[in-house]
Amino acid sequence: MKVTSVSFQIFSHETEDVEKIKNALNSFLQDFLKYANISENSTEGHYGDKITLIKYDFQGKISEKIVDYLFSKLDKADLLYLVSTIDSRLEKSKIHIRIDKQKFIAEGKLYLRDGDDIIKIIISSVGGPKRVKEELNKIANRAMHTQFQD
């Protein structure tokens, strides 16, 4: 899959420790941080509470390495679930993945979660949905094979 960009988006509510969230993401992405465009914007929520949007954007060739790294860090069950639910995660040539934010912060591990309180990862590529599905299957197979060798 020709990946053109990867974006990590995290909403941090006023009751959460923004630095703790950023530290967890920085640790996870430590080999890629020098390629990141990191931004942080605050806004007011519906009930007047402060919400901070933290974004880590990656462009170009490094994005493919990040995608390989991401899939190598998902466990087998989540990889299979991702592939089996890809139709609901695709928007043209973009894959939308949601990771459990609290487990990621606490354990530093990736767990798929379809709900609230997530880290949203958007993978942009070229080639259209059919090509993305084919390539995702290849990447998932490669990542699963790598997991079994560890």
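D100 touches Y111, R113 and D117, not counting residues up to four places away in sequence. The model is a predicted one. D100 is found in strand 5, which covers residues 94-100. With a relative accessible area of 9%, D100 is buried, because the limit for that class is under 20%. The side chain of D100 also reaches the backbone nitrogen of K103, at 2.9 Å. K103 in turn lies over the face of Y111. The distance from the ring centre of Y111 is 4.9 Å.

D117, one of the residues touched by D100, lies in the loop between helix 5 and strand 6 (118-125). Its relative accessible area is 29%, so D117 counts as partly exposed. Phi of D117 is near 55 degrees, a positive value in a residue other than glycine. Most residues other than glycine have a negative phi. K92 also has a positive phi, of about 60 degrees, although K92 is not a glycine. K92 is placed in the loop between strand 4 (90-91) and strand 5. K92 counts as exposed, at 70% relative accessibility.

K94 belongs to strand 5. Its relative accessible area is 36%, which makes K94 partly exposed. Residues R89, I122, I123 and S124 are touched by K94, leaving aside those up to four places away in sequence. K94 and K120 are 26 residues apart along the chain, and their C-alpha atoms are separated by 12 Å.

The interior was examined next. The largest nonpolar core has 39 residues. Those with the most contacts inside this core are F8, F71, I97, I99 and I121. I97 touches F71 and I121, and also L82, R89, L112, I119, K120 and I123, again not counting residues up to four places away in sequence.

F71 is one of the buried residues of helix 2. The others listed as buried there are I62, S63, I66, V67 and L70. An α-helix has 3.6 residues a turn, so residues three or four places apart point the same way. Helix 2 has 12 residues, 62-73, and at 1.5 Å a residue these should span 16 Å. The end C-alpha atoms are 17 Å apart, which agrees with the expected span.

Aromatic pairs were searched for across the whole structure, and 4 were found. F28 and F104 form one that is edge-to-face. Their ring centres are 5.4 Å apart, with 80 degrees between the planes. F28 lies in helix 1 (residues 18-28) and F104 in helix 5 (residues 101-107), so the pair ties together parts that are 76 residues apart in sequence. Both F28 and F104 are buried.

F32 and Y69 form a tilted aromatic pair. Here the distance is 5.4 Å centre to centre, and the angle between the planes is 55 degrees. This pair also links distant parts of the chain, 37 residues apart. F32 sits in the loop between helix 1 and strand 2 (37-44), whereas Y69 is in helix 2. At 10% relative accessibility F32 counts as buried. Y69, at 21%, counts as partly exposed, because buried requires a value under 20%. F28, F32, Y69 and F104 form one aromatic cluster.

Definitions and conventions
Residues numbered from 1 in each chain as written. Heavy atoms only, no water. Helix = DSSP H or I, 4+ residues; strand = E, 2+ residues; numbered from the N terminus. Expected span 1.5 Å × (residues − 1). Buried < 20%, exposed > 50% of the residue type's maximum accessible area, 1.4 Å probe, protein only. Phe/Tyr/Trp six-rings, centres within 6.5 Å; stacked < 30°, edge-to-face > 60°. Lys NZ or Arg CZ within 6 Å of the ring centre and 35° of its normal. Core = buried A, V, L, I, M, F, W, Y, C linked by side-chain atoms within 4.5 Å. Contact = heavy atoms within 4.5 Å. Polar contact = N/O pair within 3.5 Å; in protein donor to acceptor, adjacent residues only side chain to side chain.
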